[in-house]
Amino acid sequence: MAALLETHDLCLRFGGVNALSDVSLSIEENSLHAIIGPNGAGKTSLFNCLTGYYKPTSGTVSFQGKDITRMSAAGVASLGIRRTFQNIRVFPKMTVLENVLAGAHLRASSNLLSIIVGTPGFRRSERQLHEYAVTSLEFVGLGEQATKFAGDLAYGMRKRMELARALIADPKLVLLDEPAAGVSSVEREELSRVIRRMHDNGVSVALIEHDVELVMGLATDVTVLDNGRIIASGPPYDVRNNPDVIRAYMGRSRK
Amino acid sequence: MSRNLVADKGRRGVLSTKLPQRGAILVLVVLAALVPHMTSDAYYLSVAYQAEVLICLAIGLNIVVGYCGLLDLGFAAFFAIGAYTTGLLSVDRHWTILATIPPGVVLAVICAVIIGLPTLRLRSDYLAVVTLGFGLIIQSIANNLTLTGNATGIYGIPELTIGSMVIVSATSFYYVFLVVLVVFVFISFRVRNSRIGRAWLCIREDEDAAQAMGIKIHRYKLYAYMGGAVMGSVTGALYAPALTAISPPSFGFNESLLILMAVAIGGMGSVWGAILGGAVVAILPEAFRQFSQARLLIFGAILIIIMMTRPRGLFPEGAFRGTAKRLRERFNDRSPPRPLRPSPEAAVLDAPSEGP
Amino acid sequence: MQLFLSELANGLFVGAFFALVAVGYSMVYGILRLINFAHGDFFMVAAFVSYTILGAVAVGHAHLVWFTVIWVGLLVMFLTGLLAVLANRLIYHPMRRAALLSLMIAALGLSQVLENGVLNIPSWGSAFLTYPVTSPASGFTLGPTHFTWFQLIIVVVSGLLSLGVYLLVSRTLLGKAMRAVSEDRVAAALMGINVDLVIAVVFFIGGALAGAAAVMTGVYYGQINYLMGWTVGLEAFTAAVLGGIGNIGGAVLGGVVLGIAQSVGTGWFGAEWALVVTFVVLVLLLWLRPTGILGERVARRM
C-alpha cells in the first residue's frame, strides 16, 4: 500500500521545549492509524504540523509524494485532508446544517455574479450541497439536529457534528484528535462504529486516542509517542506488548 | 439509512434555496413605500431618507462587522470616498451623477485593498485601529486639500437624473434610497446563503477551524471589507446629490460610530438588525433634539447598556428563526409536524451521555 | 540642523507621554486582548480632575507649587487607577464571557460617555482650559539645544515609572501572576491565581500611569481639552503596536519613536497632519514588521 502521508525527521521546538524530535512516520493509504502515548507526548503538536497549523523547526511532511511542510492550513485542507480538534471547535452561532455546509466550502459555487443573481446553476449547486450535508448528518446520526445552533448541542453531538463536517468534504485522509474523549461508553461504541464505517468507505484515518482498548479494536497500525519521540510503531498487537510502551504508560521505574 | 429529513420536509424545507423571509421583505417594502404618503412635511421626509441612508450604510457595515466579525471603525471613509468622488466629478468635470458612481466604487475598493491587505493578515483587533486611522486620514485629506474644498467642501452638486426622471425632492430621494436599500438587502441575503457568506461566518466564529475547512481566511476577510466598501461608496455617491453640498464634518469618526452603533444595537450579523438599528439610531437624535449637548453621552450609555445586556445586539441572526413557522402554524391551524422517525443508531446515540 | 535637533528633543518628551499611556494600553491588551478605547479618556479625565484639584489648592504659595504638584500628582494617579478599576468592575468584568467585538464596542461607548460627560460638566465644557500650573522656562543648554528642567523631569519620571512597572512584571510574584493570566487565564485560575484581582491590578497600574502622564501633560502644555484623550489614546495604541503589543519595553520604545516621528512629521507637513503621520507609520509598520520592533508578548493557543 502506498504511503499517503509521511513525515521525515520532524522536529518541533518551542523555546526550550522539544515538542517533537526526529519523528518519522508513514500513514498508509486505507489504513486506520492510531497515534497513542501519554499526555504531553506531542500527539496534537504532530497533528498541527501535519495540517499546517504549526511549521516544524526541521524535517518534512509530504502528502502523496508532495512536500507540504510549509503549506498553510487552508492549503492542506484543499488537498483532501480534514481534521477534528481536541477541544471540539464548532461554529457555535451557526446552525448544524451550516456547520456541515461550511465543511463543503471547497465544493461550493463561488461565482459572485451567479450567487447574487441566483442562477439555476448556483441553485443546483446549493441544493446538491444541502443533500450532501443531510447525508453526512444522517451518517453520524444527527439528522434531526440540522436546524439547531451548533452551540446549543450536547457535547457528544458536537463531536459527531465535527465528524460530519469533515466527511462532507469527501476527504482522502481524516485526522481525528481524541474523538472519544469525554463521551459515555455508549457514545464511544457508536463513534467507533462510525469511524470503522468511514474507514470501510475508503477514507484513510489517523487518530489520536487515549483509550487503548478502542485503538486496539479499530486500528490497522499504531504509533506510540513519548516525549516527542516515536518509541514504537507497527501492528496493534506488537505495539501493545512492547516493553517500552508499557513503561511509558506506567511511568519510569525507580532505579 | 433513511432519508427522512428530505422526504418529510420536501424540497421546500431544508433544501430550500429560495430567498429566506421573502414575505417579510415584501411587507416591509410595501409599508416603506407608503411612508411618503403619510406626511408631506419636508422635515420628516428628509429624516426619513437620512434614515434610509444610515440603514444602507449599516447593511454595508453589517457585512464587515456582522458577518465577518471585523471591527471597522472608519466605515464613514468609504461613504466619504463615494460622496467626494461624485462631488468632484460632477461639479468640476460635469459628469452625470450615475456616471460618477463606478469611479467612486473603484476608488473605495482600491483603498480597501491597500488598507486591508497588510492589516487583515494580522489579528483582527489591529484592523480596528487601522480603520479608525483610515477614517481620520480620509477626513483630514478632505479637510486640508484645496481640491476637495478644504473645510467648506464641495457645493453646487447637480441633481440626479435617472433616464428622463430628475430626482430633486426629498420624496423622490426617499424612493431612490428605498430601492438601494432593497437591493442591498437582497444582495446581503443572497451572499449570506452562499459559500462566501458561510465562509465569513466561519471566520467570525473560529478562524483556526475555518482554515481547516480550506477557507482562505485572509482572502475572505478582504472580500468582506471590499463588500462594505462597495456599499458604503454607492450610498455616498447618491448622498452627494441629495445634499447638493458636502463637507468634511459629515464624514468623521462620529459618523463611523453611529453606523457601528446601528449594527451593534440592531443586531450583529442580521440584515433585519441593521435595518432596525439604523432606523433607531437615525431617529433617536431627532427625538433627543433638546438634549443636543448630552446626546452623545446618552448614546454612549445606551451602547454600553445594550452591549452588557445583549452583546450581540437586540435582534441578532436567529432572533426571528421559527417566527415564520409559528405564524404559519397559527394561521393554518395545524399541529406542529410530528418528529421524524429516528434511525436505529440515533436511538442509541441520543441516550443521555455524560461529558464535560 | 538646529531645528531638527530641537524637533528630535521635543519628540522625546512627547514620546514620554505616549510611552506612559502606551504601557497601560499594552498591559490591558496583553492580559485581556481588549483594546480599551476608553484608556485615553482615563488620561483626559485625570487631566481635568488634576486641573480642578490644583486650581483649588495651588492658589498663590509660589514656592510651594512643586510640592503641591507632586502630591496632587500622586493623588490623581491613585484616583485614575481607581477609575480604571471601576470601569473594569462595572463594564468589562460582567462582560468577560461576551465576544471581544462586543467588549470593544462597549469600550467605545465608555469613551463617549467620559468625553461627553466632561463636556457637559459646567465648569469644564468644550473650551481649552488653562492649567493652573505651568512649567518654568528655566533650564540648561546641552550642545546647540536648550532644555528646561521640567523636560528633564518628564523624562526621568516617565523612565522611572516605566522601569518600575517593568520590574514589577518581570521580577515580582505579582508580575508572574500577570504573565500567567495573560498567557492562559484558565490555567492560571487553576493554579490558584486570583485572576480577577490580577486583572484589577493591571487596570489600576494602567490608570495610574495615565494619571501621571496627564498631570505632566497639563503642566508641560499648559492646556487641557475634553478631546485630548481621544487623540492621545490613538497615538498611545499605535505606539504600543509599534513597539510590540503586550511588551512594556516595546511600549516605551514605541512611544518615543512615535513621538519623534510625529514631531518631525508635523515640522515638515504641518500640525494638522499629525494624526495622519501616526497612521501612516502604523500601516507601514504593520506591513513590514507586524510583531512590532521588540516583538509581541501575547500567547496564541491552538
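Here is a walk through the fold of chain A, from the whole chain down to the place where its two domains meet.

A quick word on the ground rules: this is a predicted model, where local features need pLDDT of at least 70, side-chain atom pairs count only at pLDDT 80 or more, and totals for chains, interfaces and linings use all residues. Residues are numbered from 1 along each chain as its sequence is written, while chains are lettered from A and ligands numbered from 1 in the order in which they are written.

Let's start with the building blocks. Chain A has ten helices and eleven strands; these are DSSP runs numbered from the N terminus, with helices (H or I) needing at least four residues and strands (E) at least two. The C-alpha trace spans about 75 × 40 × 35 Å along its principal axes.

So what's tucked inside? Of the 255 residues in chain A, 49% are buried, meaning that 20 or more other C-beta atoms, placed from the backbone, lie within 10 Å of a residue's own.

Now for the domains, whose bounds come from an automatic or database domain assignment. Domain 1 of chain A takes in 1-80 + 171-255, and domain 2 covers 91-170. Their centres, taken over C-alpha atoms, sit 27 Å apart. Nine residues from domain 1 and ten from domain 2 make the contact, which requires C-beta atoms, placed from the backbone, within 7 Å. On the domain 1 side, helix H7 (residues 185-200) gives the most, with three residues.

Technical notes:
A residue is buried if 20 or more other C-beta atoms lie within 10 Å of its own, exposed if 12 or fewer, and partly exposed in between; C-beta atoms are placed from the backbone. Two residues are in contact if their C-beta atoms, placed from the backbone, lie within 7 Å.
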